[in-house]
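User: Please take a close look at a single part of this model and describe its surroundings in one connected account. I would then like to see how the ligand is held.

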Amino acid sequence: MSTKNVKAFGTESKDAALKQMSIERREVMPKDIEIEILYCGVCHSDLHTARNDWGGTIYPAVPGHEIVGKITRVGSEVTKLKVGDIGAVGCLVDSCRECDSCKHDLEQYCLNGFTGTYNGKEKYLGNQTFGGYSEKIVVDEHFVLKVPANLNLPAVAPLLCAGITTWSPLRHWKVGKESKVAVVGLGGLGHMAIKLAKGLGAHVTLFSRTPGKIKDGLDLGADQVVISTDAAQMKSVQGKFDVIIDTVPYVHDVNPYVATLTISGTLVLVGYLGNLDPMLNSVPMILGRKSVAGSVIGGIAETQELLNFCGEHNIVSDIEIIKIQDINEAYERMLKSDVRYRFVIDMASLKK
Ligand code: NAP
Ligand code: ZN
């Protein structure tokens, strides 16, 4: 298959800084859309992948799965979008499309494994997929989303991961006007979870370790902020929440949050991957019919539903625009929770 080289920013090893490199993109096939990437959000998963936190990173690695851009070419069979339109790509660029999950619009749970936008297996070229820290991307039209025209484009980018990752559990656990929702951690995912749960009409509480984020939490729409390191504050919300979205990226004690679930409430882990430490105590779960669950991103139809909802409710991410050359510093700031609340790369900087 013919390919073309495009400029990208990526890393050669887990200890190396990200730098400019050249990668191959496949030529547009009949159902493919080529997008000139205008903006790409910076997710904590990009950092986990670049630094091989989860194991399994194939180098060179080019992160980025919050992509918006202008369509520059379409294959002969594409009907969804046309040249000149704005298109968006999130964390998935393919899946088997035949299994039970795929047939039910749950491509993120594809039984044969979805193709991640980066560090996945490029079906046609056989090498790893490369993400959005690049000039262009070529994606099957099924995995390209439409963007509501009324939204500020760079601030739309984070909806493609931070947005859908929090939207999907809010929808699955049927959050609405009667719901009491809590969000753990005010970062990229956390700030979207607040806005979206609020948009669905829920009463929203933020759990944060960081007193300096109280005002921001309230400004973003939270009805209250609980400092999770303050025992008295934690006690004051015992038994209160129907759904908790826990976005913390590293191992942490989940038990104090389980205590704040109502009877039959569910805590959904979306951040940390791995064994819990300290272990989960089953006693409050059994005595209160409580659940601890997990959730990964969202399907394509659900992502379009989210984008449409954001268009109708004027919801976008709070962003700080950076140049691609500042990505290594941005990662360090993300590690210090010093992001308000998502970095978005202006990809024009890669052209320089
Ligand atoms: P982020 O912007 O860095 O935000 C994480 C927030 O968690 C921080 O702002 C901080 O909030 C809190 N936090 C950080 N370290 C902590 C610690 N050691 N203990 C307690 N709280 C801590 O990250 P993000 O981009 O939102 O991503 C969050 C996690 O979700 C990452 O692990 C990412 O890989 C994962 N993720 C999962 C999915 C999925 O499909 N499930 C999709 C995307 C991302 P406070 O200062 O308010 O405490
Ligand atoms: Zn992400």
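Analyst:
**A buried threonine, a buried valine and the ligand shell**

Thr117 sits in the loop that runs between strand S7 (115-116) and strand S8 (136-140). The model is predicted, and the values below are computed from it. Thr117 has a relative accessibility of 2% and therefore counts as buried, the limit being under 20%.

The side chain of Thr117 makes two polar contacts with backbone atoms. It reaches the backbone oxygen of Gly90 at 2.6 Å, and the backbone nitrogen of Leu92 at 3.2 Å. Gly90 and Leu92 are also among the residues that Thr117 touches, when residues up to four places away in sequence are not counted. That list further includes Val89, Cys91 and Val93, together with Gly64, His65 and Ile67. Thr129, Phe130, Gly131 and Ile137 complete the list.

A second loop residue may be examined in the same manner. Val42 is found between strand S3 (32-41) and helix H1, the helix that spans 44-50. Val42 is buried, because its relative accessibility is 0% and the limit is under 20%. Leaving aside residues up to four places away in sequence, Val42 touches Glu66, Tyr133, Ile322, Ile327, Tyr331, Met334, Arg342, Phe343 and Ile345. Of these partners, Met334 lies 292 residues from Val42 along the chain, while the two C-alpha atoms are separated by 9.2 Å.

Arg342, one of the residues touched by Val42, leads on to the ligand. Arg342 is among the closest residues to ligand 1, along with His44, Ser208, Thr210 and Ile297. In total, 27 residues surround the ligand. By class, this shell has 11 nonpolar, 13 polar and 3 charged residues. Helix H1 and helix H5 (188-199) each supply at least two residues of the shell, and H1 gives the most, with 3 residues.

Individual atom pairs give further detail. An N or O atom in the side chain of Arg209 is 2.9 Å from an oxygen atom of ligand 1. The backbone takes part as well: an N or O atom of the Gly271 backbone lies 3.5 Å from an oxygen atom of the ligand, and one of the Ser295 backbone lies 3.0 Å from a nitrogen atom of the ligand. On its own, ligand 1 has 920 Å² of accessible area, of which the protein covers 90%.

Note on methods:
Residues numbered from 1 in each chain as written. Chains lettered and ligands numbered in written order. Predicted model: local features only at pLDDT ≥ 70, side-chain atom pairs only at ≥ 80, totals over all residues. Heavy atoms only, no water. Near = heavy atom within 4 Å. Polar contact = N/O pair within 3.5 Å; in protein donor to acceptor, adjacent residues only side chain to side chain. Areas by Shrake-Rupley, 256 points an atom, 1.4 Å probe, with all protein chains shown as cover. Helix = DSSP H or I, 4+ residues; strand = E, 2+ residues; numbered from the N terminus. Nonpolar A, V, L, I, M, F, W, Y, C, P; charged D, E, K, R; others polar. Buried < 20%, exposed > 50% of the residue type's maximum accessible area, 1.4 Å probe, protein only. Contact = heavy atoms within 4.5 Å.
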